[in-house]
Every structure is written in C-alpha cells, then in structure tokens.
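Please look through the structure below before reading my comments on it. They are written for someone meeting such a model early in their studies.

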Amino acid sequence: MSLEENLNRVIDRYDELANLMASEQPPAAEDFAKLSREYAELSPVVEGISELRAAQAEMADLSELMADPDGDEEMKELAEAEFLELKEKLPDMERRVQLLLLPRDEADSKNAILEVRAGTGGDEAALFAADLFRMYQRYAEARRWKFEIMGVSETGIGGFKEAVASIAGGDVFSRLKYESGVHRVQRVPVTESGGRIHTSAATVAVMPEAEEVDVQVDEKDLRIDVFRASGPGGQSVNTTDSAVRITHLPTGIVVSQQDEKSQHKNKAKAMRVLRARLYEAERMARDAERAEARRSQVGSGDRSERIRTYNFPERRVTDHRINLTLHRLDAILNGELDEVVDALTAEDQARKLTEMTG
C-alpha cells in the first residue's frame, strides 16, 4: 500500500469513527469507550496529514505562480523563496506522518513491572544490580513517574540479589522496553584488594503491567503457599506466615512476595507480578511467530541478550545493539537515560519505516 493510500485509509477511518460516535443511536458504553480511544489515537495522525497536504497544495499553487509567463517578476521571486522553504520542510513532515502511521505496540502506554537480578559475579554482581535498580528509580523520579518498590532481596553489604518495582506514569513501557537483557559491568570491586578489574553481570526484565482484562488467571491453576518471611542471613523478620508464594501450574511460573506484613497485601502484589509475567509470555509467543523479523529488532526483550556494558575505568557506557558509546557513566547511573532511550527508539523506528516503505 502506497503512502497516499495509507493516508486516505486513516482519514476514512477517522471520519467513520466521528460519525459512529455522533450517530442518533450511539454504541454501547464499552464500545463507545473503545471507539473514543481509537479516535483519540488517530487525531494527531490526521493533524499531521492535514499539515502535510496543506503544504503540498501550497507548493502546487506556488509552482503555478512561478510558471506563469505573465506573472510579476517580484511575485515570482517571493513565490520561489516560499516554495524552496516548503520543499526543505516537506521530508520532515512526511517522516513525521510516517512515524505516526507506524503500528503502535499495544503495551506502549502501559505501566511496567521492573525486575533486576544479580547474575554472574557474586557480591559484585549484586552491588551492580543495586546500582541499576537505583538508576531506574532516579530515571522514574526525573520523569515524574511513580516508582513503587515491591520486593528486595538484599545481600547484607548493600547488594541486591533481586529487586522488583512497579513503575506508573505516561508511556512507561514505551520508554523502558529496550532495557530488558543482560547488563555488564567492568570495574574494580570494592571487595577486591588487588585492584584488578572484574566483569560482572545483572539481568533486567521490563514487562508491561497487565490489567485483569488482559490476562485471565483461573484460581484452580494456582498453588498458593504461605511461609514466614526471612531477611538477609535467613533470620525471621516476621512472627506470622505472611509471605506468599504463588505457582502458576500450567506454565510453572513462580512468584514470591514477602515485603508486606499482611498476607493479603503480599498475595495482591504477587498476583500483579504474575499477571505481568503471563502477559509478557503471551507477547513473546506472538512475536516468536515472526521470529525472523524479531531477530532484527532493536532490543527484542530476550533476557539472555547482552545489551549494554558499563566500563568504570573509562567512564564509558556502550549499548551493543546500536553501537552507541557515551562517556557519561556517572550521569547515566544517576538516571540520565534519555539519550540512550531516544537513540534506541530512533533506531527501532528507522527499522520499522524501512520495513513499511519496503
């Protein structure tokens, strides 16, 4: 389908939605909400198309004026200057419309569940996992997102074996979805007396937070165990069996939650994480059907993929998927992630545009 046909299709659908919502017999409340969402999503696209077509029409008028043999020479010069100015702007306007036409990941607007786990490297890997978790916390604060810590398993020297948080706000998943994978650190550990550089790793998983309507979980598919919460070193931190472990029997996914004193609250938090993992598994399965395309994707979300290296001696951060190297390690670990996220987003959009335009 050509770009022009695509634009006409969008405008036809936009008009159709407007008519449906304004009809004397409006659709049922649930359908109306769905149509309203689609209408709101198409509004900026239609606005971009209108601007593009207005510019194209103006260029056609200016072209006629320039070609008129009886036209005033001064007017022709002014027309040519305007024409060239519009001609320069046109590719950017077309690109903006093409980007707006790109199929949007239905999960982009969702909140996210963040999981950071220490990988190879013992205590140093756990300290790095804590650094990463704090990096995302600071990034969330900078973007005015709500960052809720759902559970942390500490090592006792400030490291995290595992940390889970929910992040809520505008377009959270669309900004963080490229973070899933293996993050590697190269530095001299605080526990190393010889001053040798070690390489350690931590795994990050970012999953869209699923609503109950997104994932149906049948109670009979769950095994729920309760136990006594424990802190670092295994000591009991609670005198009641308030910790909860939920096993989803069909998939074998296990989620434990022990941060709250209330068993009910722990179960509710564990269910949020379970739903996110099930939703993510469904998305992965759907994407696996397009396996070849998936391999070319920027940040496929494969948790075994090494995506980024943080090199402390050189104060360098390298994202291996797009060969981006920034010598701003301190700023990035302090939550200044936009430059990296923007570059990954631009690369992904460029790839999708190439696929769309063939």
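The points below deal with surface patches and then with aromatic rings.

1. Please keep in mind throughout that this is a predicted model, and that every value quoted here was computed from it.

2. On the surface there is a patch of negative charge, where Glu-58, Asp-61, Glu-64, Asp-68, Asp-70 and Glu-82 gather. Helix H2, which covers residues 29-67, gives the most to this patch, with 3 residues. Asp-61 lies in helix H2, and Asp-61 counts as exposed because its relative accessible area is 53%, where the cut-off for that word is over 50%.

3. A nonpolar patch is also found on the surface, formed by Leu-65, Met-75 and Leu-78, which together have about 270 Å² of accessible area. Leu-65 lies in helix H2, and with 35% relative accessibility Leu-65 is described as partly exposed.

4. The structure holds 5 aromatic pairs. In one of them, the ring centres of Tyr-14 and Tyr-39 are 4.4 Å apart and the planes are at 5°, so this pair is stacked. The pair links distant parts of the chain, since Tyr-14 is in helix H1 (residues 3-22) and Tyr-39 is in helix H2, 25 residues apart. Tyr-14 is buried, at 16% relative accessible area, whereas Tyr-39 is partly exposed, at 25%.

5. The rings of Tyr-139 and Trp-145 have centres 5.6 Å apart and planes at 85°, so their pair is edge-to-face. Tyr-139 and Trp-145 are both buried.

6. Finally, one aromatic cluster is formed by Phe-133, Phe-147 and Phe-160.

Technical notes:
Residues numbered from 1 in each chain as written. Predicted model: local features only at pLDDT ≥ 70, side-chain atom pairs only at ≥ 80, totals over all residues. Heavy atoms only, no water. Patch = residues over 30% accessible without salt bridge, like charges linked within 9 Å, V, L, I, M, F, W, Y side chains within 5 Å. Areas by Shrake-Rupley, 256 points an atom, 1.4 Å probe, with all protein chains shown as cover. Salt bridge = Lys/Arg side-chain N within 4 Å of Asp/Glu carboxyl O. Lys, Arg positive; Asp, Glu negative; His and termini not counted. Charge placed at Lys NZ, Arg CZ, Asp CG, Glu CD. Helix = DSSP H or I, 4+ residues; strand = E, 2+ residues; numbered from the N terminus. Buried < 20%, exposed > 50% of the residue type's maximum accessible area, 1.4 Å probe, protein only. Phe/Tyr/Trp six-rings, centres within 6.5 Å; stacked < 30°, edge-to-face > 60°.
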